[in-house]
Amino acid sequence: MEKLEIERRFLIRYPDKDVLRAKEGAVFVQIVQDYLKDGDDGFGRRVRSWDDGEKRYFYTQKKKVSTFIRREIEEEVDEKCYLKLLNDKVPGSNTIKKIRCRIPDSGHIFEIDLFEFWKHQAILEVELDSPEETFPIPDYVSVIREITTEPAYTNRAMSLKIPSEDVI
């Protein structure tokens with residue numbers, strides 16, 4: 001299914017997992033994702049396994065439209081297709097492993113990605129209906145800075161060069 005993804009991203013101090021677990025509606029998901037060679041159409045491609053108690057697999061294509069907007073095509077695939085797509089992995093890239101905590105708050109879903117290579121920082125993402133939409137930063141996170149426009153903090157870039165601990 002194709003959609004427009006409009007999101008803002010923030011580098012945050014590593015949150016207290018117990019505080020996150022206590023939030024109403026919080027869901028934790030284990031994610032393993034790999035980046036594939038770009039398609040001829042300019043779309044970046046990835047595959048992801050998603051485990052929230054049920055293991056699922058996704059193939060996603062994204063293309064930048066503007067600073068905050070990307071075209072996204074995502075489809076659920078079976079394990080056999082997932083494993084076949086992994087054959088097209090970007091040479092020399094690392095698999096990204098993270099725990100994502102999804103928390104509904106103030107009419108949004110806040111997603112906090114806890115990466116295995118960081119112990120003191122994480123990434124907060126929020127999807128929006130428009131680039132101009134405002135939203136409150138939840139009080140259970142401490143923002144270091146916004147990284148929406150910093151390419152080094154995309155998951156794809158991090159798969160090519162795992163960032164050092166606590167690059168602030």
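Two strands pair if DSSP finds at least two bridges between them. In this predicted model, strands β4 and β5 are joined by 8 bridges and run antiparallel. A hairpin of 4 residues links β4 to β5. Within this pairing, Lys63 has Arg71 of β5 as its bridge partner. Strand β5, residues 69–77, also pairs with β1. Here 5 bridges join the two strands, again in antiparallel fashion. Lys3 stands opposite Glu72 of β5.

Strand β1 spans residues 2–13 and holds Glu7. Is Glu7 buried or exposed? Its relative accessibility is 12%. Buried means under 20%, so Glu7 counts as buried. Beyond its neighbours within four places in sequence, Glu7 is in contact with Phe68, Glu125, Val126, Glu127 and Thr148.

Glu7 also belongs to the lining of a pocket. This is the largest pocket, with a volume of about 1,000 Å³. It is lined by 41 residues, and Glu5, Glu7, Arg46, Lys62 and Glu72 are the closest to its centre. Glu72, the residue opposite Lys3, is thus named here too. Strand β4, residues 55–64, gives the largest share of the lining, with 6 residues. By class, the lining holds 23 charged, 11 polar and 7 nonpolar residues.

The second largest pocket has about 150 Å³ of space. Its lining has 13 residues, and Lys97, Lys98, Ile99, Leu114 and Glu116 lie nearest the centre. Three elements give two or more residues each to this lining: β2 (27–36), β6 (96–105) and β7 (108–115). The classes are 7 nonpolar, 5 charged and 1 polar.

Strands β6 and β7 appear again in the largest nonpolar core. This core has 17 residues. Ile12, Ile112, Leu124 and Tyr140 touch the most other members. The elements that give it two or more residues are β1, β6, β7 and β8, the last spanning 121–127. Which residues does Tyr140 contact, leaving aside its neighbours within four places in sequence? They are Pro15, Val19, Leu20, Lys23, Ile103, Asp105, Phe110 and Ile112. Ile112 is itself one of the core members that touch the most others. Another core lies apart from this one. It has 9 residues, including Ile96, Phe115, Ile123 and Tyr153.

Methods:
Residues are numbered from 1 along each chain as its sequence is written. This is a predicted model: local features need pLDDT of at least 70, side-chain atom pairs count only at pLDDT 80 or more; totals for chains, interfaces and linings use all residues. Side-chain values use heavy atoms; hydrogens and water are left out. Buried means under 20% relative accessible area, exposed over 50%, partly exposed in between (1.4 Å probe, protein chains only). Contact means heavy atoms within 4.5 Å. On a 1 Å grid over the protein atoms alone, a cavity is a set of points where a 1.4 Å probe fits but cannot get out, and a pocket is an open set with protein on both sides within 12 Å along at least five of seven lines; lining residues have an atom within 4 Å of a point. Grid points are joined across faces, edges and corners, and a volume is the space filled by probe spheres set on the points. Ala, Val, Leu, Ile, Met, Phe, Trp, Tyr, Cys and Pro count as nonpolar, Asp, Glu, Lys and Arg as charged, and the others, Gly among them, as polar. A nonpolar core is a set of buried Ala, Val, Leu, Ile, Met, Phe, Trp, Tyr and Cys residues joined through side-chain atoms within 4.5 Å.
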